[in-house]
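I set out to record, entry by entry, what I looked up in this structure. The entries follow the order in which I consulted the model.

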Amino acid sequence: MFKKILIANRGEIAVRVIRACRELGIKTVAVYSTADRNALHTLIADESLCLGPPRSKDSYLNEKALIAACDVTGAEAIHPGYGFLSENAAFVRLAEKCKIKWIGPPADAIEAMGDKANAKETMRKAGVPVIPGSEGAIDSLEEAKKIAKKMGYPVLIKASAGGGGRGIRPVNEESELESQITAAKAEAKAFFSDDDVYIEKFIENPRHVEIQLLADEHGNVIYLGERDCSCQRRNQKLIEESPCPVMTPELRAKIGQAAVKAAKACGYTNAGTVEFLVDKHGGFYFMEMNTRIQVEHPVTEMVTDVDLIKAQIRVASGQPLEIKQEDVVLNGHAIECRINAEDPKNNFRPSPGKIEMVHLPGGFGVRIDTAVFQGYEIPPYYDSMIAKVIVRGKDRAEAIQKMRVALSEFQIEGIVSNIDFQLELLKDEEIVSGNYDIGFIGRRKE
């Protein structure tokens with residue numbers, strides 16, 4: 001087991017990893033930008049080092065500074081959390097070259113799944129159901145027209161190197177194709193420095209269901225049930241739950257086994273998530289694989305009693321998985337709401353600033369993952385998420401009610417948040433009934 005781990009991240013995920021390390025008896029190193037000098041993760045870690053100025057490229061994305069921080073502190077491993085360098089294969093190889101263990105999948109697996117068009121082809125060869133579409137990136141408008149005409153409209157233009165909902169454009173008819181390809185390529189270039197795009201069939205009103213995987217370095221791969229992430233705004237997840245309201249044991253087994261196939265096809269180890277679109281007939285299609293821990297991982301932890309961060313660390317240290325597939329049981333129902341410093345009444349504009357007062361909810365079956373505290377200054381440079389509220393009830397109805405109580409108790413002053421917006425969502429009949437899909441927010445606004 002490692003003696004010291006560097007956490008190459010900030011905010012609630014850095015705090016989450018530090019706590020897991022402390023429970024395992026492992027020393028921790030926090031890194032920070034000058035904007036995060038007084039952040040919680042810097043205060044609770046055993047050591048803290050400044051990487052540079054506030055901008056991510058000068059601090060949390062500064063690869064040489066992170067390697068130097070490991071060298072200076074003697075950290076044997078890096079946990080990347082999510083975002084930043086967590087899916088950067090080149091950085092994984094750099095760390096390995098410097099004899100630093102990466103707490104995540106191999107660089108080759110990250111690379112294979114990072115290119116969405118390549119990932120789709122890998123899944124097709126492995127026998128995992130995929131959405132009909134182009135075989136790789138499209139080279140010309142004429143090629144795109146032929147593919148779209150053959151599949152039938154509507155279709156989606158998607159960035160090959162995409163993620164987080166970026167570089168995606170719907171096309172309802174041929175006259176829109178050229179402009180939407182141009183827009184998708186421009187966004188892809190801006191966010192991923194790669195303007196390759198591919199085309200796929202648009203599945204109408206699907207659910208977004210993802211399978212949590214754990215894979216060790218001894219060939220063992222298991223799935224830990226599913227999370228329904230269909231409540232989204234502009235492809236950004238808002239509410240996640242497990243189990244999926246429309247899941248059956250038979251469908252869970254099929255989609256779980258498909259996810260395991262996906263992991264084995266790319267030589268995957270550590271924690272990962274395979275995302276699927278599920279149609280109203282129970283058909284499911286591979287969408288992408290996230291080669292890191294997910295923001296919504298606590299939902300799975302709440303219903304399986306498996307600590308995914310500890311599992312990641314154990315796997316990276318060479319230990320086999322502690323549980324087998326037959327040991328995985330889903331108990332009760334869990335829901336997570338992402339609390340963001342943003343103003344829903346002003347087009348969800350970010351709301352950085354000083355937290356004058358904060359009261360966090362609690363009680364049986366309520367978990368808060370956060371890095372904020374009274375007096376903390378939320379910087380304007382990073383993601384607006386400031387907390388995750390996770391609840392577990394004996395069933396879905398109890399979980400929804402528990403979440404309503406928790407959100408109504410969550411008080412924060414000095415900034416604007418989306419708490420009331422989340423509360424309203426949990427009162428909507430589509431959410432309450434469980435009969436919603438990824439188009440739910442869009443229809444609700446109309």
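**Entry 1: Cysteines**

I began with C231, which is buried at a relative accessible area of 0%. The model is a predicted one, and I kept this in view throughout. I then asked how far the sulfur of C231 is from the closest cysteine sulfur. That closest sulfur belongs to C337 and is 8.0 Å away, too far for a bond, because a disulfide requires sulfur atoms within 2.5 Å. I turned to C21, which is likewise counted as buried, at 0% relative accessibility. Its closest cysteine sulfur is in C70, at 12 Å, and this is again too far for a bond. A search of the whole structure gave zero disulfides.

**Entry 2: Nonpolar cores**

I met C231 again in the largest nonpolar core, where C231, I386, V389 and L407 have the most contacts inside the core. This core has 37 residues. Which elements supply at least two residues each? I noted strands β11 (236-242), β14 (333-340), β19 (366-370) and β21 (385-393), together with helices α12 (396-409), α13 (419-425) and α15 (440-445). Helix α12 gives the most, with five residues.

I next listed the contacts of V389, leaving aside its neighbours within four places in sequence. The residues in contact with V389 are I335, E336, C337, I339, R367, I368, M403, A406, L407 and F410. Apart from the largest core lies another, of 31 residues, and A271, I293, V295 and I309 are among them.

**Entry 3: Salt bridges**

Side chains of opposite charge can pair when their charged atoms come close. I searched the whole structure for such pairs and recorded 35 salt bridges.

I looked first at D58, which forms a salt bridge with K57 at 3.2 Å, N to O. D58 also has a salt bridge with R55, where the closest N and O atoms are 3.6 Å apart. Is D58 buried or exposed? Its relative accessibility is 22%, so I entered D58 as partly exposed.

I then examined E187 and R169, whose side chains meet in a salt bridge of 2.9 Å, N to O. This pair links distant parts of the chain, with E187 in helix α8 (residues 177-192) and R169 in strand β7 (residues 168-171), 18 residues apart. E187 is buried, at a relative accessible area of 16%, whereas R169 is partly exposed at 24%. I also noted one network, in which salt bridges that share partners join E210, R227, K237, E240, E275, E296 and R338.

**Entry 4: Aromatic rings**

I found nine aromatic pairs in the structure. One of them is formed by Y60 and F84, which are stacked, with 5.0 Å centre to centre and 25 degrees between the planes. Where in the chain do Y60 and F84 lie? Y60 is in the loop between β3 (47-52) and α3 (63-73), and F84 is in the loop between β4 (77-79) and α4 (89-97). The pair links distant parts of the chain, the two residues being 24 residues apart.

I compared their accessibility: Y60 is buried, at 1%, while F84 is partly exposed, with a relative accessible area of 29%. Y60 and F84 form one aromatic cluster with Y381 and Y382.

My last note concerns R207, whose charged end sits over the ring of Y436, 4.7 Å from the ring centre.

Terms used. Residues numbered from 1 in each chain as written. Predicted model: local features only at pLDDT ≥ 70, side-chain atom pairs only at ≥ 80, totals over all residues. Heavy atoms only, no water. Salt bridge = Lys/Arg side-chain N within 4 Å of Asp/Glu carboxyl O. Buried < 20%, exposed > 50% of the residue type's maximum accessible area, 1.4 Å probe, protein only. Helix = DSSP H or I, 4+ residues; strand = E, 2+ residues; numbered from the N terminus. Phe/Tyr/Trp six-rings, centres within 6.5 Å; stacked < 30°, edge-to-face > 60°. Lys NZ or Arg CZ within 6 Å of the ring centre and 35° of its normal. Core = buried A, V, L, I, M, F, W, Y, C linked by side-chain atoms within 4.5 Å. Contact = heavy atoms within 4.5 Å.
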